[in-house]
Amino acid sequence: ADSTGPAHCAPDARYPRGADLDVRGLTWRPFGRTEPILRGLDLRVRAGERVLITGPSGSGKSTLLRALAGVLGTTESGELSGLVLVDGDATAGHPAGIDEAAAASSVSVGLLLQDPVDALVAETVGRDTAFGLENLGVDRARMGARIAQTLDAVSFPYGTNHSSSQLSGGEAQRLALAGVLVMGPRLVLLDEPTSMLDPASAAAVREAVWATAAASGATLIVVEHQLAEWLPRITRLVVLGEGGEIVADGEASVTLVARRDALARAGVWVPG
Ligand code: ADP
Ligand code: MG
């Protein structure tokens with residue numbers, strides 16, 4: 001593993017490596033819809049892989065991440081079938097609610113939602129960053145340095161006493177990301193983590209994500225449209241098509257070339 005990450009990313013002996021993910025026949029149809037959003041997805045990701053998921057708007061990328069985190073079927077009503085196994089354990093049984101699910105599974109799974117404002121529930125930056133940690137029973141007072149380092153790593157511009165109710169979209173996005181990374185999850189799921197950021201902040205966030213994953217060996221799954229920026233550091237590319245099925249899956253640079261036509265048909269812009 002890369003040992004150049006920030007100090008707060010040092011491997012935690014309790015979570016020595018990333019999680020394995022095994023998705024089998026995952027199908028999801030919300031009540032009220034005739035067509036499923038996710039259609040029999042099979043996906044196996046080995047510990048430490050860094051996967052980028054892309055696909056057209058509405059293809060089910062966000063839904064897939066929520067399924068991987070075990071919050072579909074508990075917070076949303078519909079018909080869920082198939083299996084999602086994180087290191088062999090089903091994620092489906094978590095208690096309802098994103099926060100409870102995060103608490104129950106945070107040693108294994110951390111999810112950054114596409115709308116980061118959904119993740120901000122406390123009054124101050126420090127409390128919001130620590131929210132997941134506190135749900136795990138970690139004493140926030142003892143985590144001060146780690147919290148500050150994580151906020152710094154994602155280029156968050158304010159201190160821990162700043163109010164978290166008046167943040168811009170990009171600030172909220174970075175704060176929510178810090179709250180995920182600070183827990184040191186073994187499976188990191190990020191839904192368009194740089195969508196609200198200017199290019200410099202986006203680059204800083206990518207670096208923070210990479211450093212964290214490299215130092216901890218975490219398995220990383222990122223949903224993004226910006227392929228060119230992420231390609232240098234990802235190991236694998238998965239493309240969802242309009243019908244909620246996987247239309248391409250493989251080593252990233254190979255897949256981009258070999259499946260160019262399939263990607264174009266799926267409406268995915270391929271960097272030249
Ligand atoms: P993406 O992230 O790829 O843009 P989403 O996963 O957000 O796609 O949504 C996929 C499709 O499912 C969209 O058509 C969306 O409107 C629909 N959808 C998402 N969540 C629900 C839900 N809870 N109930 C009904 N339809 C939903
Ligand atoms: Mg989405």
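Let me start with the shell around ligand 1, which by class has two nonpolar, seven polar and three charged residues. Please keep in mind throughout that this is a predicted model. The residues that surround ligand 1 are Pro-30, Arg-33, Ile-37, Gly-55, Ser-57, Gly-58, Ser-59, Gly-60, Lys-61, Ser-62, Thr-63 and Glu-76. Which helix gives the most to this shell? That is helix α1, residues 61-68, which contributes three residues.

Let me stay with α1 for a moment. Seven of its eight residues are buried, so α1 is largely enclosed by the rest of the structure. The buried ones are Lys-61, Thr-63, Leu-64, Leu-65, Arg-66, Ala-67 and Leu-68, and two of these names, Lys-61 and Thr-63, you have already heard in the list of residues that surround ligand 1. After α1 comes Gly-70, which has a positive phi, near 80 degrees.

Now a step back to the chain. There are nine helices and ten strands in it, and of its 272 residues, 45% are buried. If we take the contacts between residues at least 6 apart in sequence, then 67% of them join residues at least 24 apart.

The next helix I would like to show you is α4, residues 144-153, in which Ile-147, Thr-150, Leu-151 and Ala-153 are buried. Why can we say that these lie on the same side of α4? The reason is that they cover an arc of only 160 degrees around the axis, and this puts them on the same side of the helix. It helps to recall that an α-helix has 3.6 residues a turn, so residues three or four places apart point the same way. On the face turned away from the buried side of α4 we find the exposed residues Gly-144 and Ala-145. And what covers the buried residues of α4? The cover includes α3, residues 125-135, together with α5, residues 169-181, and α6, residues 199-216.

Of these neighbours, let me take α3. Two packed helices are described by the angle between their axes and the distance between the axes. For α3 and α4, the angle is about 100 degrees and the axes are 10 Å apart, which means that α3 is roughly perpendicular to α4. In this contact, Gly-126, Thr-129 and Ala-130 of α3 meet Ile-147, Thr-150 and Leu-151 of α4, and by class the residues involved divide into three nonpolar, three polar and no charged. Ile-147, Thr-150 and Leu-151 are, as you may remember, among the buried residues of α4.

I will finish with two residues whose backbone deserves a careful look. Most residues other than glycine have a negative phi, and most peptide bonds are trans. Ser-155, however, which follows α4, has a positive phi, near 60 degrees, without being a glycine. Ser-155 lies in the loop between α4 and α5. Is Ser-155 buried or partly exposed? Ser-155 counts as partly exposed, because 19 other C-beta atoms lie within 10 Å, while 20 or more would be needed for a residue to be buried.

The second residue is Glu-192, which is not a glycine either, and yet has a positive phi of about 45 degrees. Glu-192 is found in the loop between β7, residues 187-191, and α6. With 20 other C-beta atoms within 10 Å, Glu-192 is buried.

Methods. Residues numbered from 1 in each chain as written. Chains lettered and ligands numbered in written order. Predicted model: local features only at pLDDT ≥ 70, side-chain atom pairs only at ≥ 80, totals over all residues. Near = placed C-beta within 6 Å. Helix = DSSP H or I, 4+ residues; strand = E, 2+ residues; numbered from the N terminus. Nonpolar A, V, L, I, M, F, W, Y, C, P; charged D, E, K, R; others polar. Buried ≥ 20, exposed ≤ 12 C-beta atoms within 10 Å, placed from the backbone. Contact = placed C-beta atoms within 7 Å. Arc of directions from axis to C-beta. Axes fitted to C-alpha atoms, helices over the stretch in contact; angles between N-to-C directions. Parallel < 35°, antiparallel > 145°, perpendicular 65-115°, else oblique.
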